[in-house]
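Work through these exercises with the sequence and the model open side by side. Try each task before reading its solution.

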Amino acid sequence: MLQLIWVLLGLAFQPGRTARPVGPPAPPPPPAPAVIRDLTHNSQALGGPRVYQAILPGAYVASQKRYPVIYWLHGYEQPDAARDAEVAAYVTAHDVIVIKAGPVETTGTFAMYLPELTDHIDRTFRTIADREHRGLTGYAMGGFMALWIAAKYPDQVGSASAIGNPTEAEVGPDNLEVESRLDDLYANYGGVRTHIVTMGGTALQFYHARLNRIWSIAAPAHEIEAYGAGAITRTLDFHLRAFAKPLPKPASFRHADVFPNFSVWKWDVLSSRKQPGYTVLDHVSARGFRSSVREWIPGGATIPSVRLSVISAPLYQPGSAHSVMYVRLRDGNVRRAPQKADAQGRLAFDLDGDDYEVGISAEPDVVASGYEFVDAAWATAGAPLKLRVKFWNVGAVKSGTTVVQWESPSADVKFEPTTSRVLSLGSGESATVLVSVNCPDKMRRILSIVAAEGANRMEFEAPVFPAGDPLKDFQVVDGRSGEVYLHGVVGTQTVLGDGNGDGHAAPGERFALLLPDGDKWRLGEIFTNDSCVDNTMRLSDSWEQYDHAGASDHYSLALIRKDCQPGHVIHMLARMLLPGGINHEERYFTVDLPVWWRPGEEPRK
């Protein structure tokens with residue numbers, strides 16, 4: 001053995017032999033390229049076969065790993081080889097599956113397709129089959145539908161994004177289409193992270209800025225970025241971050257839906273609605289909820305003729321008895337009904353389309369049900385605001401004194417007082433408290449307010465507007481013709497309103513407010529909390545042919561209530577949208593409108 005060792009040492013130190021240099025380790029081999037499969041499945045929702053493309057990581061076939069999924073929705077845009085290559089390269093370098101599906105349709109049954117598609121994908125591929133690892137994205141109209149469908153199905157999607165998307169479209173089932181602005185759907189995104197890539201150089205930049213001013217305050221987790229090189233990669237990165245840190249299911253949820261029948265967070269809603277509109281649910285939990293059916297959101301008229309059935313998630317002991325309170329907020333009417341949970345632990349609630357607060361608690365349950373402005377006809381951004389907030393005890397027994405802590409997710413929003421006491425309320429009783437709110441931001445468009453009582457967080461929003469310039473040069477159109485700009489820049493002679501056409505607003509008359517723009521007029525959207533005015537009728541004027549952004553301008557057809565007295569002066573704020581190519585401008589004016597005499601009751605001259 002010793003001899004063998006000497007031999008080996010001799011070989012190691014032979015003259016002329018050199019040791020091999022030790023260098024850096026060889027780089028790992030590049031990942032296998034993404035695998036692209038064009039596939040078809042049969043869709044019951046859409047009534048036929050649907051084509052989709054699955055982009056799988058190169059290691060998918062050889063592994064047993066499960067992957068999160070990003071659904072890329074596309075519209076009818078032209079093919080984009082560079083974009084396709086960027087998506088494929090991303091999947092090559094990351095552990096994620098991308099499913100491309102479309103073309104999207106905003107009306108009809110396409111919105112019902114997502115649950116069917118995700119179920120098919122989860123059965124076909126090794127996915128992480130939960131909402132936390134499922135995202136939606138898309139470009140242009142595909143991006144709009146990615147955000148809109150995520151608002152419809154927040155219980156099935158954990159993240160949603162869009163690149164260069166319009167913010168508005170006609171949506172809903174056939175014959176019940178309704179205008180839907182993403183701006184107004186912020187409350188639907190509880191538990192969903194959102195991300196928008198804004199587009200400069202087009203009118204989309206105006207609409208994106210308007211949306212982001214609202215979502216950055218009221219949506220739970222919203223991100224924005226400007227379009228540029230690598231935007232697709234950064235958008236897909238957003239989804240991977242969302243998969244790594246998903247938002248939890250909200251303790252209570254809020255939802256608005258254009259479909260008469262729908263399910264969300266395991267709650268089912270059925271209705272008799274045969275006209276366009278929204279079913280709105282607020283603060284839904286095992287303790288109760290608020291419901292209404294409206295012509296539009298957020299402030300459209302309720303539709304009391306609709307029969308509404310709300311079936312809870314399986315939250316209760318099967319067969320358990322509950323005392324349910326229904327408070328009709330319009331007039332404070334209270335009714336109670338004993339109800340029993342079914343074999344699945346669900347309760348069923350029969351309502352109409354009016355505005356209701358529903359309580360299911362055997363204990364005291366004090367909830368914030370609404371607010372009104374005090375000493376102001378509207379709220380001005382940057383100015384102190386006083387609110388009168390109404391609370392109801394919708395529980396089965398009397399409450400003690402309830403201490404409410406006023407909060408906001410925005411650090412610059414301050415309250416005085418910071419806490420309020422709601423004194424003892426009997427079951428079915430209400431009370432109001434005053435709170436002052438101050439936010440110095442003059443560009444703010446919405447205030448997010450939380451009335452917190454222990455773990456119970458009751459959130460609501462108050463719209464705020466820029467200060468307006470006083471305006472005396474306006475016209476009231478009450479059933480007569482006026483020359484106005486429609487579709488942005490088209491001068492049109494049209495009849496508006498419903499009255500005697502004398503250019504005054506009298507009790508019982510409906511009118512449009514015209515604001516001056518050169519030698520013609522523009523239709524104004526008006527805001528006021530004056531009880532003489534029913535301002536729930538709002539119409540839309542499409543600007544698609546002007547700026548090609550799929551959006552519209554809103555204007556009001558307000559009604560002077562019949563019991564309003566002549567001579568009363570209505571203080572209102574009027575908003576006018578001015579076309580500016582890719583930079584539109586919103587202008588605000590304050591208007592003092594005297595209520596005129598009823599036809600036949602005019603003062604003698």
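**Exercise 1. A four-stranded sheet**

In what order do the four strands of the open sheet that contains S29 stand, and how do they pair?

Solution. The model is a predicted one.
- Step 1: read the order, which is S29-S41-S40-S35. The pairing is mixed.
- Step 2: find the edges. Strand S29 (469-470) and strand S35 (525-527) each pair on one side only.
- Step 3: check one pairing. S35 and strand S40 (residues 569-578) run antiparallel and share three bridges.
- Step 4: pick a residue pair. Ile-526 has Ala-574 in S40 as its bridge partner.

**Exercise 2. The whole chain**

State the overall make-up of the protein chain: its helices, strands, extent and burial.

Solution.
- Step 1: count the elements. There are seven helices and 41 strands.
- Step 2: take the extent. The C-alpha trace spans about 135 × 65 × 50 Å along its principal axes.
- Step 3: take the burial. The chain has 605 residues, and 52% of them count as buried.

**Exercise 3. A six-stranded sheet**

Trace the open sheet that contains S11 and S18, and explain what sets its edge strands apart.

Solution.
- Step 1: the order is S11-S14-S15-S20-S17-S18, with antiparallel pairing.
- Step 2: S11 and strand S18 (333-340) are the edges. Each has a single partner strand, so one side of each has no neighbour in the sheet.
- Step 3: from one strand to the next, the twist averages 15°.
- Step 4: look inside the sheet. S15 and S20 run antiparallel and are joined by four bridges. Gly-288 stands opposite Gly-359 in S20.

**Exercise 4. The second largest pocket**

Describe the second largest pocket by its volume, its lining and the elements that supply that lining.

Solution.
- Step 1: the volume is about 890 Å³.
- Step 2: 42 residues line this pocket. Nearest its centre lie Pro-250, Ala-251, Ser-252, Arg-457 and Glu-459.
- Step 3: list the contributors. Elements giving two or more residues to the lining include helix H5 (204-218), strand S11 (253-257), strand S14 (278-285), strand S15 (288-294) and strand S20 (356-359). S28 gives five residues, the largest share.
- Step 4: sort by class. The lining holds 23 nonpolar, nine polar and ten charged residues.
- Step 5: link back to Exercise 3. S11, S14, S15 and S20 belong to the six-stranded sheet, and these strands are also among the lining elements.

**Exercise 5. An aromatic pair**

How are the rings of Phe-253 and Trp-267 arranged, and which parts of the chain do they tie together?

Solution. A pair of aromatic rings is described by the distance of the centres and the angle of the planes.
- Step 1: the whole structure holds 16 aromatic pairs.
- Step 2: in this one, the ring centres are 6.4 Å apart and the planes meet at 75°. Planes over 60 degrees apart count as edge-to-face, so this pair is edge-to-face.
- Step 3: Phe-253 lies in strand S11 and Trp-267 in strand S13 (residues 267-271), so the pair ties together parts 14 residues apart in sequence.
- Step 4: both Phe-253 and Trp-267 are buried.
- Step 5: widen the view. Phe-253, Trp-267, Phe-289 and Phe-349 form one aromatic cluster.

**Exercise 6. A contact from S13**

Is Val-269 buried or exposed, and what separation do its C-alpha atom and that of Ser-309 have?

Solution.
- Step 1: Val-269 is placed in strand S13.
- Step 2: its relative accessibility is 1%. Buried means under 20%, so Val-269 counts as buried.
- Step 3: Val-269 and Ser-309 are 40 residues apart along the chain, yet their C-alpha atoms are separated by 5.8 Å.

**Exercise 7. Unusual backbone angles**

Locate two cis peptide bonds and two non-glycine residues with positive phi.

Solution. Most residues other than glycine have a negative phi, and most peptide bonds are trans.
- Step 1: the Ile-297 to Pro-298 bond is cis, with omega near 10°. Pro-298 sits in the loop between S15 and strand S16 (307-311).
- Step 2: the bond joining Glu-416 and Pro-417 is cis, with omega about -5°. Pro-417 is in the loop between strand S24 (414-416) and strand S25 (419-422).
- Step 3: Trp-265 has a positive phi of about 50°. Trp-265 is in the loop between strand S12 (262-264) and S13. At 8% relative accessibility, Trp-265 counts as buried.
- Step 4: His-283 has a positive phi near 50°. His-283 lies in strand S14.

Methods. Residues are numbered from 1 along each chain as its sequence is written. This is a predicted model: local features need pLDDT of at least 70, side-chain atom pairs count only at pLDDT 80 or more; totals for chains, interfaces and linings use all residues. Side-chain values use heavy atoms; hydrogens and water are left out. On a 1 Å grid over the protein atoms alone, a cavity is a set of points where a 1.4 Å probe fits but cannot get out, and a pocket is an open set with protein on both sides within 12 Å along at least five of seven lines; lining residues have an atom within 4 Å of a point. Grid points are joined across faces, edges and corners, and a volume is the space filled by probe spheres set on the points. Ala, Val, Leu, Ile, Met, Phe, Trp, Tyr, Cys and Pro count as nonpolar, Asp, Glu, Lys and Arg as charged, and the others, Gly among them, as polar. Two strands pair if DSSP finds at least two bridges between them. Axes are lines fitted to C-alpha atoms, for helices over the stretch in contact, and angles run from 0 to 180 degrees between N-to-C directions. Rings of Phe, Tyr and Trp (its six-membered ring) pair if their centres lie within 6.5 Å; planes under 30 degrees apart count as stacked, over 60 as edge-to-face and the rest as tilted. Buried means under 20% relative accessible area, exposed over 50%, partly exposed in between (1.4 Å probe, protein chains only).
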